[in-house]
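Grab a pencil and have a look at the model below. Then try the exercises before you peek at the solutions.

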Amino acid sequence: KKTIVFAHQRLDVGNPYGVKNAPVVRNVLQQSGKVLAVFQGHSHKNNHKEINGIHYCTLVAMVEGSGADRNGYSLMRIANDGSIHVSGFHKQNNYTWTS
C-alpha cells in the first residue's frame with residue numbers, strides 16, 4: 001500500500017539537521033515505490049522538496065515559545081487518488097500535492 005513516513009530529523013539535507021545516512025534511507029524509500037511523502041522536523045522551518053517523486057515536508061515546531069503566533073500545527077488529508085492536502089495553522093504553511 002501507499003505509505004507516509006514520519007521522521008524527526010530531516011531526510012532531504014546533509015547538514016546538522018539531517019540524518020547522517022539520509023541518501024541511503026532515501027534510496028530505500030524510492031526503491032519501495034510506495035512512499036508518497038515524508039513529514040519531518042528538527043529544523044523547525046517550513047520547507048518542501050520533491051526528490052525522485054517523494055515529497056519531503058519539513059514542519060515548523062509545535063511549540064517555539066509562548067503564544068499561538070509562535071507555534072504551528074497541521075492537519076493532513078489524503079484523498080483516494082493519493083493527493084495530499086496539508087492545512088497549516090499559525091506558522092505552518094499549507095501544501096497540496098497530487099499523485
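Here come some notes on the model, then three exercises with solutions.

This is a predicted model, so local features need pLDDT of at least 70 and side-chain atom pairs count only at pLDDT 80 or more, while totals for chains, interfaces and linings use all residues. Residues are numbered from 1 along each chain as its sequence is written, and side-chain values use heavy atoms, with hydrogens and water left out.

**Exercise 1.** Work out which pattern the protein follows along the sequence.

*Solution.* Start with the elements, taken as DSSP runs (helices: H or I, at least four residues; strands: E, at least two) and numbered from the N terminus. There are one helix and seven strands. Put in sequence order, they read β-α-β-β-β-β-β-β.

**Exercise 2.** Decide how Tyr-73 and Phe-89 are arranged: stacked, tilted or edge-to-face?

*Solution.* Rings of Phe, Tyr and Trp (its six-membered ring) pair if their centres lie within 6.5 Å; planes under 30 degrees apart are stacked, over 60 edge-to-face, the rest tilted. The structure has four such pairs. For Tyr-73 and Phe-89, the centres are 4.7 Å apart and the planes at 15 degrees, so this pair is stacked. Tyr-73 sits in strand β5 (residues 72–78) and Phe-89 in strand β6 (residues 84–90), so the pair ties together parts 16 residues apart in sequence.

**Exercise 3.** Are Tyr-95 and Trp-97 buried or exposed?

*Solution.* Buried means under 20% relative accessible area, exposed over 50%, partly exposed in between (1.4 Å probe, protein chains only). Tyr-95 has 13%, so it's buried; Trp-97, at 6%, is buried too. Finally, ring pairs link both with Phe-6 and Phe-39 into a cluster.
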